[in-house]
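Reader: I've just opened this one and would like a friendly tour. Could you take my questions as they come?

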Amino acid sequence: MAQGSDGEDADRARRFRAAALPCLDDVYTLARYLLRNPTDADDAVQECYLRAFRHFDGFRGGPIKPWLMAILRNVCRAEFARRSGATAAEATADLPDNVVPLWQEPEGSPETEVLRQRDADTIQALLAELPGPFREAIVLRDINDLSYREIAEATDVPVGTVMSRLARARSMLREAWRKSESEPRLEGRSQ
Amino acid sequence: MTCDDASLLLHALADGELDAGHASEVEAHAKGCARCAALLRDTRAMSAALAAPALRLKAPASLRARIDAALPAPRRAVATRAAPSRRGLLQGFAMGSLMSGALAAGLVVFVMRRDEEERMVGDVVSAHLRSLQGDRLIDVQSSDQHTVKPWFNGRLDLAPPVVDLTAQGFTLVGGRLDYLDGKPVASIVYKRRLHVINLFVAQATGPDRGPAIEQLQGFNVWHWTHAGFGLWAASDINAEELREFGDKLEAALRGAS
């Protein structure tokens, strides 16, 4: 009956709103760090939510955040493939894990010197410099507060890969952090 | 443990993802290794810095509104009304008589349903009273929802929702097979102080309906249909407390679905 399916549809929409809308800030945060552009992030998050609603019947329960974030990644990937711009590979491609590391633990790393506190703008600028998959791993863990298992689900890789990416991402960030301490403020440089 | 092993596991340690055995190994290594100790310290410092609220962004209100508008409305949209043409007016008359016919039928359905409901309330109170006589109250005695729920497997053609409301002041004491309207139903038994609450769970026959409370012979009966279940709670506690029970149950079930 028409009324029955209408009611079902309304019920489905209600359940989706209740489950997915509380994660909107988290999904948006990830989109902003992945895409680094507010307009693109808005569009990607909207598309992500519409896609998630269409496939809500396929959601198997459990925490919904990793599921939404997996969809967001696919949206970003598809959008970049469509544009096939220069940033495509950089922003979303998964680096093979045997890639030569771009970092080295600095030999003369000061072991006694504590990292200096940095303001939010500086930290954001440091994160923005990280290659896509590493930036994504560290944002999912430290900003979105996902567990390793949830990150593995969201990014569709084994937990071991999550761990190695995270270790590399933090090494890169740590080095950039230290470097920036010996330089004038990042924002000041460009002027 | 070598530095290579430790440098990977240090992160899992800082993230609280390591089991106790590995955690103490990594900590022991870091105690004797200045390089790994510095790495652990910096990792923790960076994680703390990244947890700053300023780095968590808020979705703009305009985006929230756009998504909200794109999803189906929670209530059915009201059709916009166009100016009536002559033809439309004629159709309007035809619709009018159809409508009154449907309205009359609806009235009959309503009256019948009302009747049926009163009979159900009577049935529910009778079943509640029966349960208090002798040793009839509980077939499976447990305050564990994961014991009570499976007990109904094979005894009923539905899996009744069993929620523990002990923390909310309603102690789960067990479950029982009972009969309402000649059909087997689940009864989940709760206690509030010395009062017994029987929560009957049957298959719903109509569309979902909001909760309502009725009185019969000094008993209060709370009724709600949700997700295909017809729920009836009967007790001698006052209407406010039974309503509270209903609210807590409703919240728990909505949270679970």
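Reader: How many of the 12 residues of helix 2 of chain A are buried?

Author: Before counting, note that this is a predicted model, where local features need pLDDT of at least 70, side-chain atom pairs count only at pLDDT 80 or more, and totals for chains, interfaces and linings use all residues. Residues are numbered from 1 along each chain as its sequence is written, while chains are lettered from A and ligands numbered from 1 in the order in which they are written. A residue is buried if 20 or more other C-beta atoms lie within 10 Å of its own, exposed if 12 or fewer, and partly exposed in between, with C-beta atoms placed from the backbone. Helix 2 of chain A is mostly covered, and its buried count is 10.

Reader: And what is the distance between the end C-alpha atoms of that helix 2 of chain A?

Author: Helices (H or I, at least four residues) and strands (E, at least two) are DSSP runs, numbered from the N terminus. The expected span of a helix is 1.5 Å times one less than its number of residues. For residues 24-35 of chain A that should give 16 Å, and the end C-alpha atoms agree with it, at 16 Å.

Reader: Which residue just after helix 2 of chain A takes a positive phi?

Author: Most residues other than glycine have a negative phi. The residue you're after sits in the loop between helix 2 and helix 3 (38-54) of chain A, and it is partly exposed, with 15 other C-beta atoms within 10 Å. Its phi is about 55° although it is not a glycine. The residue is Arg36(A).

Reader: What does the secondary structure of chain A come to?

Author: Read along the sequence, chain A goes α-α-α-α-α-α-α-α-α-α. Of its 191 residues, 36% count as buried. The tally for chain A is 10 helices and zero strands.

Reader: Which helix gives the largest share of the largest nonpolar core?

Author: A nonpolar core is a set of buried Ala, Val, Leu, Ile, Met, Phe, Trp, Tyr and Cys residues joined through C-beta atoms within 7 Å. The largest one has 61 residues, and those with the most contacts inside it include Val27(A), Ala31(A) and Cys48(A). Eight of the core's residues come from the helix you want, which is helix 9 (residues 159-181) of chain A.

Reader: Which residues does Cys48(A) touch?

Author: Two residues are in contact if their C-beta atoms, placed from the backbone, lie within 7 Å. Leave out residues up to four places away in sequence, and the partners of Cys48(A) are Val27(A), Leu68(A), Ile71(A), Leu72(A) and Val75(A).

Reader: Over to the other chain: how many helices and strands has chain B?

Author: From the N terminus on, its elements run α-α-α-α-α-β-α-β-β-β-β-β-β-α. Of the 257 residues of chain B, 27% count as buried. In total, chain B has seven helices and seven strands.

Reader: Which residues of helix 2 of chain B are buried?

Author: This helix covers residues 20-32, and the face turned away from its buried side carries exposed residues, including Ala20(B), Ser24(B) and Lys31(B). Helix 1 and helix 3 of chain B are among what covers the buried ones. Those buried residues are Val26(B), His29(B) and Ala30(B).

Reader: Why do they end up on the same side of helix 2 of chain B?

Author: The arc here is that of the directions from the helix axis to the C-beta atoms. The buried residues share a side because they cover an arc of only 100°.

Reader: Which residue in the turn between strand 5 and strand 6 of chain B has a positive phi?

Author: Two strands pair if DSSP finds at least two bridges between them. Strand 5 (residues 212-216) and strand 6 (residues 219-226) of chain B run antiparallel, joined by five bridges. They form a hairpin with two residues between them, and the one with a phi of about 50° is Gln217(B).

Reader: Which helix of chain B gives the most to the side that touches chain A?

Author: Across this interface, 35 residues of chain B are in contact with 42 residues of chain A. Helix 1 (3-14), helix 3 (34-50) and helix 4 (61-70) of chain B each supply at least two residues of that side. The one that gives the most, with 10 residues, is helix 3.
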